Amino acid sequence: MGIVAAIGVLSPFPFYYCLWKWPQSWVELCGRGRDPSHVMAHVAHFLKLVQFVSLFSVSSFHWPPPLYFWPLFAFGQFLNFRVYQLLGEAGTYYGVRFGKNIPWVTEFPFGVIKDPQYVGSILSLLACLSWVPFQYILLWVLGYVFMMQVESKEDPSTRAKPLL
């Protein structure tokens with residue numbers, strides 16, 4: 001079960017990597033008239049479900065959680081909500097890579113925290129350390145760190161062109 005859970009935890013990252021590196025392929029796969037960011041959001045939500053099911057399969061829950069759970073989880077979810085609130089679906093799901101114009105945002109947490117969506121997710125994961133074995137949290141965090149590194153090197157010339 002451990003290897004299956006680890007594969008489940010890592011499952012979204014190859015998808016994100018491919019979309020970041022080859023956005024034109026995704027736009028073409030989605031086809032004319034379909035929003036690639038919206039389709040990506042649906043696939044990403046399914047992969048997130050796979051991740052959660054994988055974590056639940058190796059977790060042992062108890063109540064109440066330790067005191068560190070609440071501030072880590074609350075601030076992590078606040079960051080994720082704030083990023084989505086400021087950028088919307090297109091900004092959160094690689095819209096800029098699919099040729100969309102995403103407004104530059106300087107409001108908190110942008111300009112204060114680098115990659116706030118990933119920092120928020122990492123904080124939420126760390127909050128669950130009392131329930132989930134460390135190696136699965138570490139794998140997930142390493143996946144986020146990997147994507148932070150990949151996304152830090154954006155080449156505008158590789159952005160997708162809209163289908164005509």
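A residue counts as buried here when its relative accessible area is under 20%. Keep that cut-off in mind as you explore this predicted model.

**Stop 1: the loop between H5 and H6**

Select Asp115 to begin. Asp115 sits in the loop between H5 and H6. Its relative accessible area is 18%, so Asp115 falls into the buried class. Now look at its backbone: phi is near 55 degrees, a positive value in a residue that is not glycine. As background, most residues other than glycine have a negative phi, and most peptide bonds are trans.

Next, pick Tyr94, which is found in the loop between H5 and H6. Tyr94 has a positive phi of about 60 degrees, again without being a glycine. Is Tyr94 buried or exposed? With 6% relative accessibility, Tyr94 counts as buried.

Stay in this loop and select Phe108 and Pro109. The peptide bond that joins Phe108 to Pro109 is cis, with omega near 10 degrees. Pro109 belongs to the loop between H5 and helix H6 (116-127).

**Stop 2: another cis bond**

Move to Trp63 and Pro64. Here the peptide bond is cis, with omega near 0 degrees. Pro64 is part of the loop that runs between helix H4 (36-57) and helix H5 (69-92).

**Stop 3: helix H1**

Select residues 2-10, which make up helix H1. Which residues of H1 are buried? They are Ala5, Ala6, Gly8 and Val9. Looking down the axis of H1, you will find these buried residues within an arc of 160 degrees, so they line one face of the helix. Turn to the other side of H1 and you meet Ile3, Val4 and Ile7, which are exposed.

**Stop 4: two cysteines**

Show the side chains of Cys18 and Cys30. How many disulfides does the model have? The count is zero. Cys18 takes part in no disulfide, and the nearest cysteine sulfur, belonging to Cys30, is 14 Å away. Why is there no bond for Cys30? A disulfide needs two cysteine sulfur atoms within 2.5 Å, and the closest cysteine sulfur to that of Cys30, in Cys18, is 14 Å away, which is too far for a bond. The surroundings of the two are worth a look: Cys18 is partly exposed, at 37% relative accessibility, whereas Cys30 is buried, at 7%.

**Stop 5: a nonpolar patch**

Colour Tyr68, Leu126, Leu129, Phe134, Leu138 and Leu142. Together they make a nonpolar surface patch of about 510 Å². Which helix gives the most to the patch? Helix H7 (residues 134-151) does, with three residues. Zoom in on Leu142, which is located in H7. Leu142 has a relative accessible area of 47%, so this residue is partly exposed.

**Stop 6: what the UniProt record marks**

Select residues 118-146, which the unreviewed UniProt entry annotates as a "transmembrane region". This span is 79% helix and 0% strand, and its end C-alpha atoms lie 11 Å apart.

For the last selection, choose Ala74, Phe75, Gly76, Glu154 and Asp155. The unreviewed UniProt entry gives these residues the annotation "binding site". They spread over 82 residues of sequence and are also spread in space, with up to 34.0 Å between C-alpha atoms. Finish on Glu154, which lies in the segment after H7. Its relative accessible area is 26%, so Glu154 is partly exposed.

Key:
Residues numbered from 1 in each chain as written. Predicted model: local features only at pLDDT ≥ 70, side-chain atom pairs only at ≥ 80, totals over all residues. Heavy atoms only, no water. UniProt positions renumbered as here; feature names shortened; annotations may be inferred. Helix = DSSP H or I, 4+ residues; strand = E, 2+ residues; numbered from the N terminus. Patch = residues over 30% accessible without salt bridge, like charges linked within 9 Å, V, L, I, M, F, W, Y side chains within 5 Å. Areas by Shrake-Rupley, 256 points an atom, 1.4 Å probe, with all protein chains shown as cover. Salt bridge = Lys/Arg side-chain N within 4 Å of Asp/Glu carboxyl O. Buried < 20%, exposed > 50% of the residue type's maximum accessible area, 1.4 Å probe, protein only. Arc of directions from axis to C-beta.
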